[in-house]
Amino acid sequence: MATMQQVADRAGVSIATVSFVVNGTKYVTPATTARVQAAMRELKFRGNVVARALASRRTRIIALLFPTTGNRFSPTTSQFFMSAAERASERGYHLVLWPVDPAGDDLDDLVSGGLVDGVILMEVRMDDPRVAVLTALDVPFTLIGRTRDSSGLPFVDIDFETTIESSIDHLQSLGHRRFALVLEDLEGTPMAGYAPHLRAEATFRQVTAARGLGGTVVTAGPGSDGGRAAGGGMVARAPRGAAGGGVYGASTPREQGGR
């Protein structure tokens with residue numbers, strides 16, 4: 001494997017300049033950087049990631065934290081993973097998927113050891129203990145989702161409130177008067193208090209009550225199979241010939257984005 005000295009000789013620069021380019025510790029002109037990088041490619045030079053992290057005090061690694069509880073992967077979840085990885089790569093970072101305990105008890109080892117430069121937190125609950133742990137550890141982090149009180153917290157989120165209201169708007173415009181919201185049953189699990197569920201349910205109850213509509217919240221088993229079984233049971237039990245035709249509008253937030 002080529003050495004930094006060989007790269008320096010090929011590029012016609014000092015070994016210190018090669019070090020600056022590899023580790024990003026000091027400014028090097030674009031022209032010189034291009035020569036060094038060309039020499040690295042020609043010689044198939046591979047920098048030592050650990051040494052580079054020690055020199056720059058940055059690992060350029062971002063951890064995407066995902067709870068270890070249950071099978072919470074969905075196609076939408078995978079899209080979040082891939083989009084985050086692509087964006088991190090565009091900015092010169094590596095993204096790692098890091099399963100964590102829902103209580104955040106194992107975060108200290110990850111963060112205090114200097115393994116990552118920042119954290120993205122997924123599957124956020126209304127009162128999420130991981131947020132308090134990350135805040136105490138003083139590590140840069142952001143949320144995909146939001147807690148009950150998100151003041152001062154950086155986050156991106158799906159607008160579940162508007163999603164629920166728009167869904168009811170559409171079904172009501174078709175003449176329906178009775179609706180059901182299907183939610184995965186998370187009570188008694190570490191994911192109890194999952195923010196999208198609580199926010200969606202609160203909006204659903206508020207909108208149906210304000211409009212004088214029939215509104216029922218139904219809990220279901222996990223995944224699409226659980227949602228279909230719950231929906232099928234509702235349709236089977238719905239009275240025929242009633243106003244609105246006994247049709248229910250069903251929505252499962254995790255299937256729509258789940259954050």
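Start by selecting leucine 65 and tryptophan 98: tryptophan 98, in strand β2, is the bridge partner of leucine 65. You are looking at a predicted model, in which local features need pLDDT of at least 70, side-chain atom pairs count only at pLDDT 80 or more, and totals for chains, interfaces and linings use all residues. Residues are numbered from 1 along each chain as its sequence is written, and side-chain values use heavy atoms, leaving out hydrogens and water.

Next, widen the selection to β1 (residues 61-67) and β2 (residues 94-100), which pair in the parallel sense over seven bridges. Strands here are DSSP E runs of at least two residues, helices are H or I runs of at least four, and both are numbered from the N terminus; pairing takes at least two DSSP bridges. Add β3 (residues 118-121), and you will find four bridges to β1, again parallel. Leucine 64 stands opposite isoleucine 120 there. Six of the seven residues of β1 are buried, so the rest of the structure largely encloses this strand. Buried means under 20% relative accessible area (1.4 Å probe, protein chains only).

Now move to helix α7, residues 129-137, and pick out its buried residues: Arg130, Val131 and Leu134. Look down the axis of α7: these buried residues fall within an arc of 100°, so they line one face of the helix. That arc is taken from the directions from the helix axis to the C-beta atoms. Just after α7, click on aspartate 138, which takes a positive phi of about 60°.

Note on methods: Buried means under 20% relative accessible area, exposed over 50%, partly exposed in between (1.4 Å probe, protein chains only).
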